[in-house]
Amino acid sequence: MPTEETLVLVKPDGVARGLTGAILARIEAKGYALVDIRLVEADRELLEQHYAEHAGKPFYEPLLEFMQSGPSVAIRLAGNRVIEGFRSLAGTTDPTTAAPGTIRGDFGRDWGLAVQQNLVHGSDSPESAARELQIWFG
Ligand code: RTP
Ligand code: MG
């Protein structure tokens, strides 16, 4: 089976809180390979592409604002079943109920804001991964 790739983001809250290293340590300990990594100040145009599926939802505008609040770390990550595997490491979307042992469960906090600041993003399918890697890495 060919090695799979996914797009992982350490979102602005993760970078601002100094959690990039701790998050990368979990990814590396799991055995996934860093293929490319860069610090990105995402602009609105990039984020509109990335979050196209959420356009019109109540959290969409706050989400785009949050994602422009500071740099994100974009990672091209490779490994067997890495798409599913990273989402398992990340935990579910809501940090309050994300399982302990996951990135969101251990480090994520509900700030009572209009958008979940949940530290990381991971592509949810091979189609999303291909599309998102093109957006963030060209
Ligand atoms: P991601 O795309 O970031 O890996 O997270 P996900 O699949 O778990 O969540 P998704 O449903 O795709 O939502 C994308 C991001 O939007 C924010 N969100 N806030 N206020 C809310 O209830 C809410 N719902 C979604 C989160 O930052 C989520 O990661
Ligand atoms: Mg998603």
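Here is a short walk through this predicted model, from its nonpolar core to a glycine on a helix and then to the ligand.

Let's start on the inside. The largest nonpolar core is made up of 21 residues. If you want to find its best-connected members, look for L7, V8, L9, L77, F86, I103 and V120, which have the most contacts inside it. Several pieces of the fold chip in: β1 (4-10), α2 (20-30), β3 (72-79), α5 (82-90), α6 and α7 (126-137) each bring at least two residues to this core. Helix α5 gives the largest share, with five residues.

V120 is a good spot to pause. Setting aside residues within four places of it in sequence, V120 is in contact with V8, L9, V10, K11, G14, I23, A90 and I103. Among these partners, V8, L9 and I103 are also on the list of residues with the most contacts inside the core.

Now hop over to helix α6, which covers residues 103-107 and includes G105. Is G105 buried or exposed? Somewhere in between: G105 counts as partly exposed because 17 other C-beta atoms lie within 10 Å, while being buried would take 20 or more. Beyond its neighbours within four places in sequence, G105 is in contact with G91, A98, A99 and P100. As for R87, it sits 18 residues from G105 in sequence, and the two are 12 Å apart in space, C-alpha to C-alpha.

Last stop, ligand 1. Around it you'll find F59, L63, T93, V115, Q116, N118, H121, G122 and D124. That shell is a mix of three nonpolar residues, five polar ones and one charged.

Technical notes:
Residues numbered from 1 in each chain as written. Chains lettered and ligands numbered in written order. Predicted model: local features only at pLDDT ≥ 70, side-chain atom pairs only at ≥ 80, totals over all residues. Near = placed C-beta within 6 Å. Nonpolar A, V, L, I, M, F, W, Y, C, P; charged D, E, K, R; others polar. Helix = DSSP H or I, 4+ residues; strand = E, 2+ residues; numbered from the N terminus. Buried ≥ 20, exposed ≤ 12 C-beta atoms within 10 Å, placed from the backbone. Contact = placed C-beta atoms within 7 Å. Core = buried A, V, L, I, M, F, W, Y, C linked by C-beta atoms within 7 Å.
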